[in-house]
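Hi everyone, thanks for making time this morning. I'd like to walk you through the interfaces in one model, so please have the viewer open.

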Amino acid sequence: MEQIVLLLLLIPLIFSIVFIYSNKKLYKPLSFLMFFICSILSIFLAYKGSLSIRLTGQIFKISEGIITLSEILMILYLFKISVKHHKIGIFILTVIQTIITLFTIFTPDKSEILTVGIDKFSLAMLLIINIVGTLIVIFANGYISEYEHHHGIESKQKLFYPIICLFLSAMNGLVVSDSLSMVYFFWEITTITSFILISYNGDDEAYKSGFRALFLNLIGGICFGVGNILLKKMLDIDTLSGIIQHGSISLSLMLPVFLLCIAGFVKSAQMPFQSWLLGAMVAPTPVSALLHSSTMVKAGVYLIVKLSPAYAGTRLGTVIAIYGAFTFFICSAIAVAQRNAKRILAYSTIANLGLIICSAGIGTGVAVSAAIILIIFHAISKALLFLCTGQIEHTIGSRDIEDMTGLIRIAPVLSILTSFGIISMILPPFGVLVTKWMSIEAAGSNPFVASFLVLGSALTTLYYTKWLGSILAYPVTELKAQDKKDFCIFFPLWALGFGVLMTSIFITPIFNNFVSPEVNKLLKKSTDMYIKRGEVVSKLGTFNEAMVFIALGLVVLFVILMRRLMISSANIKSIYMCGENNFAEGENYFRSWNGKYEKAKVSNLYFDNILDEKALTTFGYVVSSSIIIICLLGGLK
Amino acid sequence: MITLINLKILIKLLLILILPPVIGCILSGIDRKVTAHLQGRVGPPLLQPLYDVIKLFNKENIVVNKYQNVYVITYFIFVVLSLFMLLMKMDFLMIIFVYTIANTSLIVGGMSTGSPYSRIGSVRETISMLAYEPILLFYIIGMYMLTGSFKISKLAYTNKPLLYYLPLIFIAMLFIMTIKFKKSPFDFSTSHHAHQELVKGMFTEYSGPALAIIEVAHWYEYVFLLGLIFLFWYTSPIIGLILALITFFLEIVIDNICARLSWEWMLKFTWTIIIGLSIANILFIYLYNVKIL
Amino acid sequence: MAGISKNIMSKSPWVVHVNCNSCNGCDIEFLACLTPIYDAERLGIINVGTPKQADILVVTGSANYKNIDVLKNIYNQMPEPKVVVAVGACACTGGVFHSCYNVIGGIDEILPVDVYVPGCCPKPESIIDGLIEASRILEEKRIKIKNPDKGVAI
Ligand code: SF4
């Protein structure tokens with residue numbers, strides 16, 4: 001068991017080194033190999049169940065040494081880039097971080113122990129990181145070369161793959177560690193790898209976004225470090241399990257917990273800190289998919305959920321719930337006005353993370369279960385959507401959802417996968433919606449949270465429906481592109497699509513094996529809900545998933561039965577254009593008043609004037625930062 | 001014993017499948033008749049909607065692409081499913097989410113034909129979805145706060161009608177009923193009357209059997225929507241029915257006395273005043289901690 | 001119940017109206033059919049917007065070189081069974097515009113017209129009469145499509 005955990009940490013590292021020294025041809029087989037090894041290991045570990053390891057004595061010394069050494073290296077690297085690019089802000093933050101690191105190293109009464117604790121939630125995270133993460137690496141094989149070609153940048157793949165592997169290793173480390181100092185260490189590694197990957201293109205914009213991400217995440221890191229020290233000082237807690245054991249914390253001692261929460265907010269790009277995730281969209285799509293939707297941002301919410309025993313049921317919990325719900329609402333509103341698919345996905349990611357944080361903040365059994373399930377489902381669906389967007393961009397050369405009109409005609413497989421991803425985000429019976437149902441039900445008793453969730457969810461449906469409609473629109477535009485069939489591209493897409501479907505169908509075992517025990521452990525009480533025979537049952541209500549699946553089956557059955565009546569017997573006629581169709585030019589051309597042929601063009605509505613991105617963002621900044629500042633200044637007491 | 005129960009369920013199921021379209025058909029017949037009388041006309045026979053549907057089934061099936069009818073089937077099945085769930089008194093929030101599948105499918109179906117007119121209609125329908133969805137959810141949350149459960153079946157245990165405590169939400173629901181019935185001030189996504197600007201909106205490219213299925217689904221939807229109103233006075237079915245019928249006639253009258261408004265107006269109005277009303281009602285319940293169960 | 005399966009088509013004939021350069025006289029009379037005085041809806045007649053949902057194509061005005069395509073297109077987009085009604089002298093023969101340089105003639109030069117409603121302009125009563133006749137033909141056509149070998153007369 002211990003060996004497997006160690007292997008999960010080491011194998012990506014080994015691959016990282018192998019990638020450095022192998023030549024380009026081997027990347028593909030290597031990625032597939034990594035996918036198989038990592039997923040088998042993680043599945044095996046998940047099968048074996050949870051465990052907890054205490055590193056003492058000699059092993060402790062060694063690992064402590066490794067961590068300290070790497071931390072020093074990281075700090076040196078930060079100093080180097082801040083000096084090289086003349087970034088004062090980064091320099092100052094690094095200095096503060098150095099002080100924190102030195103302080104932790106030279107604390108007199110340091111505990112001589114490091115714990116590795118793998119509970120059910122960690123196992124679920126491990127599965128996501130090792131399966132979804134490595135699938136994305138496979139996708140990168142088909143993607144990156146063309147991407148570099150498109151953008152005219154010299155190949156940096158020698159850097160790309162090792163860094164991604166390093167990142168996967170760090171993520172694995174993050175979710176298996178129990179000692180907060182270890183979590184902090186891996187947390188910082190993800191920050192730095194994310195910086196390197198965001199500035200992948202090497203141009204000004206990339207560096208600007210990279211440094212913004214670095215700056216904000218360093219602030220988060222400092223909050224983490226300070227919170228860590230304070231937690232040890234004030235409550236003598238230095239592990240995540242310690243927080244669970246301690247249970248609810250009185251409000252006067254809440255500051256360190258809140259600092260850790262802020263670190264989580266930054267990592268999850270919540271409202272005042274959201275700009276880094278939007279900037280990060282300049283990175284190649286696999287990076288966006290891996291770091292900024294399915295794994296790294298999940299580290300933030302992972303931490304917040306793990307902290308939930310400390311604040312569940314307290315006033316801080318309510319504040320966090322309102323804060324998350326507000327982010328969910330405002331980011332959904334901003335997303336409505338977006339045309340760029342990647343930006344829509346970015347805002348939707350922030351919104352969904354807000355929903356997770358909100359659920360964690362509500363802190364009842366149902367709500368925390370909703371948070372954990374949403375983390376799982378969102379990771380898979382979002383990874384699928386990001387990868388599809390990347391591939392669409394390579395197919396039609398644009399990310400604008402208006403340009404995707406008629407995509408189903410030239411790239412049917414890709415369009416169906418994308419639509420499936422979108423449907424899994426907004427419609428039952430797929431997981432994301434079931435969790436939305438759970439969180440709205442859990443939020444029912446607090447009208448503020450509930451109102452934000454209700455309005456946000458209506459907006460979410462709007463912007464996704466627009467996109468879905470564009471993709472599936474049939475005969476409008478002749479897009480100039482060809483559908484490429486690359487195994488490296490479509491294997492991950494199919495696998496993820498299949499994953500979305502399977503996780504939604506098998507929500508029962510997922511809930512019973514991963515979510516329910518975790519919530520019981522976190523909140524020290526039962527979840528108040530169970531899933532049986534396709535029914536999600538809680539004290540508040542029942543979601544009959546099976547029925548919706550049966551109805552979906554009926555749709556398929558009807559379509560097959562009525563094939564003759566409704567579909568194959570149908571005669572295809574041209575669209576109605578008041579009779580002025582022009583068949584020579586194309587289906588959507590019509591003869592205008594002057595006898596010339598014009599193209600009919602209809603686009604979706606974006607409300608740019610009402611839902612102005614700048615104004616809404618400013619509004620969001622004001623509200624969210626005031627919530628945080630008031631809490632920091634002791635508003636909780 | 002088991003077979004008896006099964007028989008009961010089977011009969012119930014059959015009733016649920018057969019009765020609503022009959023009611024819906026008659027309701028829409030009444031709608032046309034009353035409208036005609038309000039305009040000083042005689043109007044079509046009461047069963048005219050039925051004749052229309054039978055005729056449509058006998059027409060040739062023409063499409064723009066082979067897949068557009070799949071959306072119609074999806075729409076039909078999920079409308080029936082949501083009505084079924086409503087009559088089985090299941091979880092209210094789930095019902096609305098299932099109902100969303102039906103509407104989304106219709107919208108995407110309209111867009112998928114690629115015709116500019118149906119695309120305009122679909123886009124407008126997404127807007128009206130944005131307008132009515134929050135109100136429905138607020139209604140549900142209001143019900144939850146009063147009864148402590150999202151299940152409709154819990155309403156049977158109380159003897160106080162929801163209308164006493166949710167009057168503002170009732171007004172909001174009346175408002176969105178106009179949107180949902182696609183009646184006059186808000187019939188901008190699809191209607192028989194807006195030829196000049198819309199042709200037939202979302203359904204421009206549907207004909208024959210597909211249009212007939214849409215029509216039958218509308219009958220189910222009529223019953224579903226009036227069922228939502230019925231829940232306001234669940235305690236006494238007679239009053240509940242009267243409430244639903246009054247709502248229906250009110251919608252017909254509104255349809256006949258209003259001119260079509262723009263979607264901007266509707267969106268602004270719902271997202272300020274109507275949502276404001278709903279939130280005010282919910283806040284009232286929250287602050288005074290009203291419970292009826 | 002027996003009444004339902006009989007005369008299926010003639011109970012709800014939906015009309016789409018195409019104006020081929022008419023002088024608007026006929027159009028106004030056609031629309032007058034829908035007004036409370038004549039109330040065509042009592043016969044189930046609805047004026048629909050799209051040919052895809054229509055059973056009867058009502059044409060007013062004469063056929064000319066510019067509108068042949070439009071007329072053919074619209075006729076093509078109607079589902080079977082379908083009937084064409086030419087309303088007004090122009091639509092029947094070309095009327096007062098008969099020998100104009102740009103006019104081909106009546107609608108029957110282009111489409112198979114089933115019912116002619118003469119008059120310049122025809123009264124609403126006669127238009128309604130024409131529509132009733134058209135819906136009878138519609139039912140005939142439906143039966144013919146259903147049993148192609150039997151020539152059933154009503
Ligand atoms: S028949 Fe007479 S009224 Fe009708 S379009 Fe021709 S000229 Fe005008």
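**Chain B and its partners**

Let's begin with one pair: E402(A) forms a salt bridge with R119(B), and their closest N and O atoms are 3.8 Å apart. By salt bridge I mean a side-chain nitrogen of Lys or Arg within 4 Å of a carboxyl oxygen of Asp or Glu.

A quick word on the ground rules. This is a predicted model, where local features need pLDDT of at least 70 and side-chain atom pairs count only at pLDDT 80 or more, while totals for chains, interfaces and linings use all residues. Residues are numbered from 1 along each chain as its sequence is written, chains are lettered from A and ligands numbered from 1 in the order in which they are written, and side-chain values use heavy atoms, with hydrogens and water left out.

Back to chain B and chain A. How many salt bridges does the rule find across their interface? Just one. Polar contacts come to three residue pairs, both residues at pLDDT 80 or more; such a contact is a pair of N or O atoms within 3.5 Å, where within protein one must be able to donate a hydrogen and the other to accept it, and residues adjacent in sequence count only if both atoms are side-chain atoms.

On the side of chain B that touches chain A, the largest share comes from α5(B), with 16 residues. Helices here are DSSP runs of H or I with at least four residues, and strands are runs of E with at least two, numbered from the N terminus. That side divides into 47 nonpolar, 13 polar and seven charged residues. Nonpolar covers Ala, Val, Leu, Ile, Met, Phe, Trp, Tyr, Cys and Pro; charged covers Asp, Glu, Lys and Arg; the others, Gly among them, are polar.

In total, 67 residues of chain B are in contact with 66 residues of chain A, contact meaning heavy atoms within 4.5 Å. The area buried between chain B and chain A is about 5900 Å², and carbon and sulfur atoms give 77% of it. Buried area is the accessible area (1.4 Å probe) that two parts lose on being put together, summed over both. K66(B), F97(B) and R119(B) lose the most area in chain B to chain A, together 11% of what that side buries.

Now turn to chain C. Chain B and chain C bury about 2500 Å², with 57% on carbon and sulfur atoms. In chain B, R41(B), K55(B) and K59(B) lose the most area to chain C, together 24% of that side's burial. There are six salt bridges between chain B and chain C. K59(B) and D55(C), for instance, meet through their side chains in a salt bridge at 2.6 Å, N to O. The rule also finds 19 residue pairs in polar contact across this interface, both at pLDDT 80 or more. Helix α2 (residues 48-57) of chain B gives the most to the side touching chain C, seven residues, and that side holds 13 nonpolar, nine polar and eight charged residues.

Last stop, inside chain A. Which two domains does the assignment give? Domain 1 is 56-114 + 142-311, and domain 2 is 320-544 + 625-637, with bounds from an automatic or database domain assignment. Domain 1 and domain 2 of chain A bury about 3800 Å² between them, 75% of it from carbon and sulfur atoms, and the rule finds zero salt bridges across that interface.
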